[in-house]
Amino acid sequence: MHANQPFIVCDNLVKIYKVADLEVVALQGLDLQIGRGELVGIVGKSGSGKSTLLQILGGLDRPSAGRVTVGSHDLLALDHSGLVDYTRHTTGFVWQQTGRNLLPYLSALKNIELPMLVAGTPRKLRQARARELIELVGLGHRATHRLTALSGGEQQRLALAIALANDPPLILADEPTGELDARTAAYIFDLFGRLASDYGKTVVIVSHDPGIKQHVGRVIGIRDGRTSTETVRQQARVGEAEETSHAEYMVLDAAGRLQLPADVVDELGFRGRVTIERVAEGVIIRTPRDDGGSSGRAAS
Ligand SMILES: Nc1ncnc2c1ncn2[C@@H]1O[C@H](COP(=O)(O)OP(=O)(O)OP(=O)(O)O)[C@@H](O)[C@H]1O
Ligand SMILES: [Mg+2]
């Protein structure tokens with residue numbers, strides 16, 4: 001694989017759930033590229049397809065059509081045992097509900113050892129690595145505690161250590177801070193950041209919280225099962241100080257499709273058809289003359 005190649009590539013990704021006679025299109029031609037070692041947030045309204053995307057990237061669900069590759073793995077081509085191996089060694093998951101990440105009757109340390117036990121790691125190695133990981137997430141003093149003795153924030157830190165147990169290159173988190181207060185959430189985001197910057201992990205975090213943009217390099221907005229916007233954090237030096245700003249972009253997919261933000265569509269009264277006029281700086285999108293006169297300017 002080429003070194004400059006993105007680690008994750010989704011190309012016209014489609015996921016259709018069949019429920020009785022109904023078909024639910026959860027992802028409808030999603031395009032996405034994420035680099036190795038990148039820390040990315042995914043935001044979008046409820047039902048927009050965030051968890052579906054994460055489950056597919058995690059090998060927990062199969063896409064219906066399109067292309068999705070993670071490293072050298074083509075997730076549409078993997079057979080069952082290939083997929084099991086992929087989930088075990090390539091991805092680590094952190095869920096919102098702390099209970100889903102952990103086994104309550106085991107100590108914190110044993111919880112971290114479990115994925116390694118399943119993967120067949122020798123005992124000595126397992127114990128040493130569990131120790132190392134529990135220190136990494138700052139829970140060394142809680143090693144022998146059962147889960148009932150841990151706070152919500154401590155349980156999510158432990159979940160991160162468990163996700164890291166088999167040293168996967170990709171960490172996926174679905175609303176990992178959804179049940180935590182702002183201060184604890186900031187600590188968890190900081191931990192995710194260190195995984196990317198210090199350990200080269202690729203980290204993808206789904207969140208409802210637009211404030212996530214303070215914690216990640218890039219936020220990808222999903223709307224109706226498609227990538228719609230990107231917010232990129234920019235670091236600039238102003239005199240002595242380092243200033244952070246955020247640039248917002250709309251995403252033009254490989255087929256040339258663009259999703260206008262809902263508020264823009266509402267405000268300009270766009271419905272059904274629009275016209276496009278090319279001007280020097282780009283294009284102007286308008287409601288056709290006989291439908292009223294709204295227009296939106298878009299530079300390209
Ligand atoms: N297992 C399933 N069977 C049928 N439909 C599903 C299934 N999982 C998700 N869906 C549907 O697919 C669409 C996308 O759901 P998804 O869970 O990915 O959204 P989400 O962005 O994670 O939402 P939320 O923010 O509420 O978690 C929704 O319409 C949902 O009802
Ligand atoms: Mg979800």
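**Stop 1: α6 and α7**

Select residues 152–163, helix α6, and residues 182–199, helix α7. This is a predicted model. The two helices pack at an angle of about 10 degrees. Their axes are 10 Å apart. Angles under 35 degrees count as roughly parallel, so α6 is roughly parallel to α7.

Now show the side chains at this contact. On the α6 side, pick Gly153, Gln156, Arg157 and Leu160. They meet Thr184, Tyr187, Ile188 and Leu191 in α7. Colour the contact of α6 with α7 by class: four residues are nonpolar, three are polar and one is charged.

**Stop 2: α4 and α6**

Keep α6 on screen and add α4, residues 108–118. How far apart are the axes of α4 and α6? They are 8 Å apart, and the helices pack at an angle of about 30 degrees. That angle is why α4 and α6 count as roughly parallel to each other. Turn the view to see how they pass: α4 crosses α6 in a right-handed way.

Next, select Ala108, Asn111, Ile112 and Pro115 in α4. Their partners in α6 are Leu158, Ala161 and Ile162. The contact of α4 with α6 has six nonpolar residues, one polar residue and no charged ones.

**Stop 3: α4 and α5**

Hide α6. Stay on α4 and add helix α5, residues 123–136. These two pack at an angle of about 125 degrees, with their axes 9 Å apart. α4 is therefore oblique to α5. The crossing of α4 and α5 is right-handed.

Which residues of α4 meet α5? Select Ala108, Leu109, Ile112, Glu113, Met116 and Leu117. Across from them, in α5, are Arg126, Gln127, Arg129, Ala130, Leu133 and Ile134. By class, the contact of α4 with α5 divides into eight nonpolar, one polar and three charged residues. Ala108 and Ile112 may look familiar: α4 also uses them to meet α6.

**Stop 4: ligand 1**

Now centre on ligand 1. Begin its shell with Tyr17, Val19, Val24 and Ala26. Then add Gly44, Ser46, Gly47, Ser48 and Gly49. Finish with Lys50, Ser51 and Thr52.

Colour by secondary structure. β1 (8–19), β2 (22–34) and α1 (50–57) each supply at least two residues of this shell. Which of these elements gives the most? α1 does, with three residues.

Switch to colouring by class. Around ligand 1 you should find four nonpolar residues, seven polar and one charged.

**Stop 5: the domains**

Zoom out to the whole chain. The domain assignment gives domain 1 as 8–90 + 168–250, so select both stretches. Domain 2 is 262–299. Give each domain its own colour. What distance separates their C-alpha centres? The centres of domain 1 and domain 2 lie 31 Å apart.

Notes
Residues are numbered from 1 along each chain as its sequence is written. Chains are lettered from A and ligands numbered from 1 in the order in which they are written. This is a predicted model: local features need pLDDT of at least 70, side-chain atom pairs count only at pLDDT 80 or more; totals for chains, interfaces and linings use all residues. A residue is near a molecule or strand if its C-beta atom, placed from the backbone, lies within 6 Å of it. Helices (H or I, at least four residues) and strands (E, at least two) are DSSP runs, numbered from the N terminus. Ala, Val, Leu, Ile, Met, Phe, Trp, Tyr, Cys and Pro count as nonpolar, Asp, Glu, Lys and Arg as charged, and the others, Gly among them, as polar. Axes are lines fitted to C-alpha atoms, for helices over the stretch in contact, and angles run from 0 to 180 degrees between N-to-C directions. Angles under 35 degrees count as roughly parallel, over 145 as roughly antiparallel, 65 to 115 as roughly perpendicular and the rest as oblique. Two residues are in contact if their C-beta atoms, placed from the backbone, lie within 7 Å. A crossing is left-handed if the near helix is turned anticlockwise from the far one by less than a right angle, and right-handed if clockwise.
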